[in-house]
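Me: I have a protein model open on my screen and I would like to learn how to read it. Could you walk me through some features?

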Amino acid sequence: MISLIFWATDVGAPAEASVDTDGSFNHSQTSTAIDVTDLSVRYRRNATAALSGVNLIVRQGETVALIGTNGAGKSTLLRCLVRLIEPAAGSITIGGRPVTGASRRALRNIRQDVGFVFQRFQLIPRLSVFHNVMHGAMGRRGCRCAWPVASPDDVRAEAMASLHRVGLDGLADRRAETLSGGQQQRVAIARMLMQRPRLILADEPVASLDPVSARSVLDLLAAVAAERGVTVVMALHQVPLALEFADRVVGLRDGVLEFDSAAGDCDAAQLQTVYRTTPR
Ligand SMILES: Nc1ncnc2c1ncn2[C@@H]1O[C@H](COP(=O)(O)OP(=O)(O)OP(=O)(O)O)[C@@H](O)[C@H]1O
Ligand SMILES: [Mg+2]
């Protein structure tokens, strides 16, 4: 409950945090969810940089959309935030905790607070919807969860509540592979809720969905983020959806951050900087 209040409030406070040696975090002293400074990424030593000198600050509770053409660096940035990809240079903090330079243990702690949503849902196809959702609890801090049937009643009840929250409690016993894409993404969101993340990183969460399902999944993501005061960074290809569902839109092109704008201030000239067909 304390963390829920923290992520929902205190926007505008100084971006300072106290960090324990194991990477756990004093929630009461920061308003900065993500701080990226001069971040560069190279997949191979002499390859072109996938990200070059990216600077980005995301405040707690904010929803930020990353836009840009294929290969612009959106997925690289999302993955690098939790060091699924190692940066070549620069620094990253999440909730005031240093990600770059973090020990294995501190990094594991940080990742426990981060929920991922992927384009392809990444459910276990032959398992039931309920069991897929239960899996989300296994990654969270302090959970007394084991294989779903051996998990405590309160965790099982929470899984049902998560399914109810995404409107799928009637499908708990269905095998995940028998659901539509939109339903599967809702299951993935219910699974992520079980992790109780403070930050959601979503990589093209609606790319494989029809326009109606896409909107309803983004509505759901926005609603659960608002209810829990969670910060969201999502890569989107649909600019109108980015403008509608994000507080801020960040444009990437060839690994360079071209603009960072409040969604309401984002204009055609800015969009042109990332989608133009002529070289920089
Ligand atoms: N595993 C990898 N190995 C080598 N290069 C990679 C790898 N993943 C991505 N890249 C390169 O890094 C750059 C950024 O790719 P990234 O996947 O981050 O772009 P993106 O904006 O997510 O694109 P898309 O919209 O197609 O998902 C591209 O030039 C890409 O070819
Ligand atoms: Mg991508």
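**A helix on the inside**

Reply: Let's start with helix α4 (residues 129-138): eight of its ten residues are buried, so this helix is largely enclosed by the rest of the structure. Keep in mind as we go that this is a predicted model.

Me: Which residues of α4 are buried?

Reply: They are V129, F130, H131, N132, V133, M134, G136 and A137. A general idea helps when you look at any helix: an α-helix has 3.6 residues a turn, so residues three or four places apart point the same way.

Me: What do the buried residues of α4 pack against?

Reply: Their partners are α5 (153-165) and α6.

Me: How should I picture the whole chain around that helix?

Reply: Begin with the overall count: the protein chain has nine helices and ten strands. Of its 280 residues, 52% are buried. Then look at the contacts with a separation of 6 or more: 66% of these join residues 24 or more positions apart.

Me: What should I look for inside, and how many residues does the largest nonpolar core have?

Reply: The general idea is that in soluble globular proteins, nonpolar side chains tend to be buried together. Here, the largest nonpolar core has 52 residues, and I67, L163, I189 and V206 have the most contacts inside it. A second core, separate from that one, has 34 residues, including L39, L81, V82 and V99.

Me: Could we zoom in on one of those residues? What does V206 touch?

Reply: Leaving out residues up to four places away in sequence, V206 touches A214, V217, L218, L236, Q238 and L241.

Me: Let me try a strand residue next. Is V250 buried or exposed?

Reply: V250, found in strand β9, counts as buried because its relative accessibility is 0%. Setting aside neighbours within four places in sequence, its contacts are L56, V64, A65, L66, I67, L257, F259 and D260. You can also compare sequence and space: V250 and Q270 are 20 residues apart along the chain, and their C-alpha atoms are separated by 9.8 Å.

Me: What about charged residues? Where is K74 found?

Reply: K74 is in helix α2 (residues 74-81). With a charged side chain, look for a partner of opposite charge. K74 is buried yet has no salt bridge, and the nearest side chain of opposite charge, that of E204, is 5.0 Å away. A salt bridge would need a distance within 4 Å. Apart from residues up to four places away in sequence, K74 touches L66, I67, G68, T69, A235, H237 and L252.

Me: There is a ligand too. Which residues come nearest to ligand 1?

Reply: Among the 13 residues around ligand 1, the nearest are G71, K74, S75, T76 and H237, so you meet K74 again here.

Me: How do I read the polar contacts of the ligand?

Reply: Check which part of each residue takes part. An oxygen atom of ligand 1 is 2.8 Å from a polar backbone atom of G71, and one is 2.9 Å from a polar backbone atom of G73. With E204 the side chain takes part: one of its N or O atoms is 3.1 Å from an oxygen atom of ligand 1.

Me: Finally, which backbone angles deserve a look?

Reply: Try looking for positive phi values in residues other than glycine. R196 has one, near 55°, and lies in the loop between α6 (181-194) and β7 (199-203). R196 counts as partly exposed because its relative accessibility is 47%. D254 also has a positive phi, near 50°, and is found in the loop between β9 (248-253) and β10 (256-262).

How values were computed: Residues are numbered from 1 along each chain as its sequence is written. Chains are lettered from A and ligands numbered from 1 in the order in which they are written. This is a predicted model: local features need pLDDT of at least 70, side-chain atom pairs count only at pLDDT 80 or more; totals for chains, interfaces and linings use all residues. Side-chain values use heavy atoms; hydrogens and water are left out. A nonpolar core is a set of buried Ala, Val, Leu, Ile, Met, Phe, Trp, Tyr and Cys residues joined through side-chain atoms within 4.5 Å. Buried means under 20% relative accessible area, exposed over 50%, partly exposed in between (1.4 Å probe, protein chains only). Contact means heavy atoms within 4.5 Å. Helices (H or I, at least four residues) and strands (E, at least two) are DSSP runs, numbered from the N terminus. Lys and Arg count as positive and Asp and Glu as negative; His and the chain ends are not counted. A residue is near a molecule or strand if one of its heavy atoms lies within 4 Å of it. A polar contact is a pair of N or O atoms within 3.5 Å; within protein, one must be able to donate a hydrogen and the other to accept it, and residues adjacent in sequence count only if both atoms are side-chain atoms.
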